[in-house]
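Look at the structure below and follow the text through it. The walk begins at a single residue and then moves on to the core and to the meeting of the two chains.

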Protein chains: 2
Amino acid sequence: MLPKKHLFDIPAGVIYLDGNSLGVLPKGAAERAQKTITQEWGQELIRAWNTADWISLPQRVGDRIAALIGAPEGSVATGDTLSIKVYQALAAALKMRPDRRVILSDNGNFPTDLYMAQGLINTIDKDYALRTPAAEDVVDQITEDVAVVMLTQVDYRSGRLHDMKAITAKAHAVGAVMIWDLAHSAGAVPVDLTASGAEFAVGCSYKYLNGGPGAPAFIYVRPDIVHDVQPALAGWMGHDAPFAMELGYRPAMSTERLRVGTPPIVQLSVLDAAMDVWEGVDMQDLRRASQALSELFIQEVEARCPTLTLASPRDPEARGSQVSFAFEHGYAAMQALIDRGVIGDFRAPDTMRFGFTPLYLDAADIVAAAEILEEVITQNLWQDPKYQTKSRVT
Amino acid sequence: MLPKKHLFDIPAGVIYLDGNSLGVLPKGAAERAQKTITQEWGQELIRAWNTADWISLPQRVGDRIAALIGAPEGSVATGDTLSIKVYQALAAALKMRPDRRVILSDNGNFPTDLYMAQGLINTIDKDYALRTPAAEDVVDQITEDVAVVMLTQVDYRSGRLHDMKAITAKAHAVGAVMIWDLAHSAGAVPVDLTASGAEFAVGCSYKYLNGGPGAPAFIYVRPDIVHDVQPALAGWMGHDAPFAMELGYRPAMSTERLRVGTPPIVQLSVLDAAMDVWEGVDMQDLRRASQALSELFIQEVEARCPTLTLASPRDPEARGSQVSFAFEHGYAAMQALIDRGVIGDFRAPDTMRFGFTPLYLDAADIVAAAEILEEVITQNLWQDPKYQTKSRVT
């Protein structure tokens, strides 16, 4: 099934190792945006909610994402941002365990997940606590006072992979609700939400799903508990009858109750087009290809750049689809690398991060990238003053 | 400065009286989306956050909206949906009045505003009450137990206009916080947020601002109280240093603290292009043109269709930029009208709603629309069975 490089528009001269941050442009996406804007919006105007079926687009896209993460049809709602979806899952989970006061995460979680928890705790204004031990200590801290365990499966810096099934089982054994953030998992590693038994999962679609900058997020709810979910963000698109214009909120009798406001139709259309490239992709095949690429990269970089230190688990089974190297001058080195067409990214304080997306990368790309990295490091090209000034977005 | 019809792509044979629901396509929008998708995303990829200045796009668009609603630069943040922005304003307002327990709105408010209040109350789980008297009784109910008054300035069904300055003054006289929903005001009527003294305002950009389906929302905070705003939705893009990846949330020292997750760059680009048509528009001129169109429409419809009853205030000063007529068979009549190229919309149970957008409508359009409405009503064209079946979106 792989590679599918021909389905993407990749700039000439670029080796893109940052699909874990913003995926590349699928060939059908621009055309789909044009159709949505000029034909549907432009010609159909308000009628397009019916004639172009905009109204069911969030659900249709949700079903396509569901298929990649081991979730049944109708169990994934799309829209908003990942931060919002975290808040929704967390607020609903706390309502399910009213006698408990602990949210357990880890200190490697992506900051916005922790911030949203802090904002929710401040809003509820009761004696909730957010615990953030090191990732390796999380399992031991899943105790009977924990209301909800909220973890990102793949660490955004190191790529370290949590054991979804084992941790969910431990959470359930003590009566806690489980929320998985799949930001770096969806489209990157095989995920089987149904088998995991987790109550909630959330994720974004602009990384491995190639939905474009600011593409909508998604939220999964285990179907058997949908009716126990009390939406904190009780928007009209999550109402059982949005167009009845009732004064009282009645949640939809499905995962759709976790929709909030009017859906971002242009971004959803682009994402829908991006999902076309996943037709026929077997996630196990993808995983094998990803591991082959990352193993090759580690081997090449360690051979060529001895001053770089692997900052990811060495066992490929313990990693997601990215690899990081620590280097004191990582920021400047990454700028020098990008300047030479190899695009990865940097995370403070010293992490050079490289993502592997087998849909549009092959072994030749990896070797070429390692060669250029070798030049940058061994010839100290990163010392050029132009690589020292930090941009607003790193 | 008006009309600016030439700046819009309006379908041939259509008279569009639904710009209060979804504005028409500005000519530059499709091209801008293409540029954002193919050049910025496609070619620059992750670098576009800096090279195409995506990172400041939410703020730049916010400043353009601010200029239309009497708000200073830097006081309007964009992103998310209006429902989300309502929640943010309401949660922050309640934190500012910790000893009070009443949210006052009216029963003509758009349902999602009330739903979001209900969701917030359920999340906080204290003894908050949401009061929703009739719009005309709101002023009398602004009493000293009210924490926050949250009103939509223009009623979505009748077009009835609340007196922003007087109600805000009354709210402040009793020590309540004031939130205005400008969904049907921004780009429709002159708004002077600074003069009103209101603490918060929220709105959407897909109606009179022509930002396209699912365009981002906005939120205004009065500059002198920004530092008192505790964000409930404490997302990383509202953090003082988003890319420092700190574990603890520290809000930005500006309105930007009300941003949440990664901004929807494609939709924001389209909205940014749509804002171009507002260059040189004087909101007082626009208001006069809007009132002339709506007065003409009422006069024409009342003369031609005696079975329709005006369901909006007769005084143009008491209306926003829309006019509604009640008609028992309003749903079918609206379908028949749309079928003949005159696009308005319908709100249960019997409201035929017509919006007036002087940027792309003139008197000839209004007379032609009234003529077609006369045919539909006096010849009972709405009785055709094909107009009786309700669509999913009305």
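**From one residue to the interface**

A:Arg259 sits in a loop of chain A, the one that runs between β10 (217-221) and α8 (265-274). The model is a predicted one, and every value here was computed from it.

Is A:Arg259 buried or exposed? The relative accessible area of A:Arg259 is 4%. Since buried means under 20%, A:Arg259 counts as buried. Its neighbours can be listed once residues up to four places away in sequence are left out: A:Arg259 then touches A:Ile55, A:Pro58, A:Ala77 and A:Thr78, and also A:Leu233, A:Gly235, A:Met237 and A:Gly238. For a sense of distance, take A:Gly19, which is 240 residues apart from A:Arg259 along the chain. The C-alpha atoms of these two residues are separated by 27 Å.

Next comes the nonpolar core. In soluble globular proteins, nonpolar side chains tend to be buried together. In this model, the largest nonpolar core has 300 residues. Which residues have the most contacts inside that core? They are A:Phe200 and A:Phe297, together with B:Phe200 and B:Phe297. B:Phe200 can serve as an example. Not counting residues up to four places away in sequence, B:Phe200 touches a set of residues of chain B, among them B:Ala89, B:Met96, B:Trp180, B:Tyr220 and B:Val229.

The two chains can now be compared. A turn of 180°, with a shift of 0.0 Å along the axis, lays chain A on chain B with an RMSD of 0.0 Å. The two copies are therefore related as by a two-fold rotation axis. The same surface serves both copies, as 100% of the contact residues of chain A recur in chain B. Among the residues of chain A, A:Ile124 comes closest to the rotation axis, with its C-alpha at 2.2 Å.

How many residues of each chain are in contact with the other chain? The count is 87 residues of chain A and 87 residues of chain B. Between them, the chains bury an area of about 7700 Å², and carbon and sulfur atoms give 66% of that area.

Charged and polar groups also meet here. Two salt bridges are found across the interface of chain A and chain B. B:Asp125 and A:Lys126 meet through their side chains in a salt bridge, at 3.1 Å from N to O. The interface also has 30 residue pairs in polar contact, both residues being at pLDDT 80 or more. On the side of chain A that touches chain B, the elements giving two or more residues include α1 (27-44), α4 (82-96) and α5 (111-124). α5(A) gives the most, with 11 residues.

Conventions:
Residues are numbered from 1 along each chain as its sequence is written. Chains are lettered from A and ligands numbered from 1 in the order in which they are written. This is a predicted model: local features need pLDDT of at least 70, side-chain atom pairs count only at pLDDT 80 or more; totals for chains, interfaces and linings use all residues. Side-chain values use heavy atoms; hydrogens and water are left out. Copies are superposed by least squares on the C-alpha atoms of residues with pLDDT of at least 70 in both. Contact means heavy atoms within 4.5 Å. A nonpolar core is a set of buried Ala, Val, Leu, Ile, Met, Phe, Trp, Tyr and Cys residues joined through side-chain atoms within 4.5 Å. Buried means under 20% relative accessible area, exposed over 50%, partly exposed in between (1.4 Å probe, protein chains only). Helices (H or I, at least four residues) and strands (E, at least two) are DSSP runs, numbered from the N terminus. Buried area is the accessible area (1.4 Å probe) that two parts lose on being put together, summed over both. A salt bridge is a side-chain nitrogen of Lys or Arg within 4 Å of a carboxyl oxygen of Asp or Glu. A polar contact is a pair of N or O atoms within 3.5 Å; within protein, one must be able to donate a hydrogen and the other to accept it, and residues adjacent in sequence count only if both atoms are side-chain atoms.
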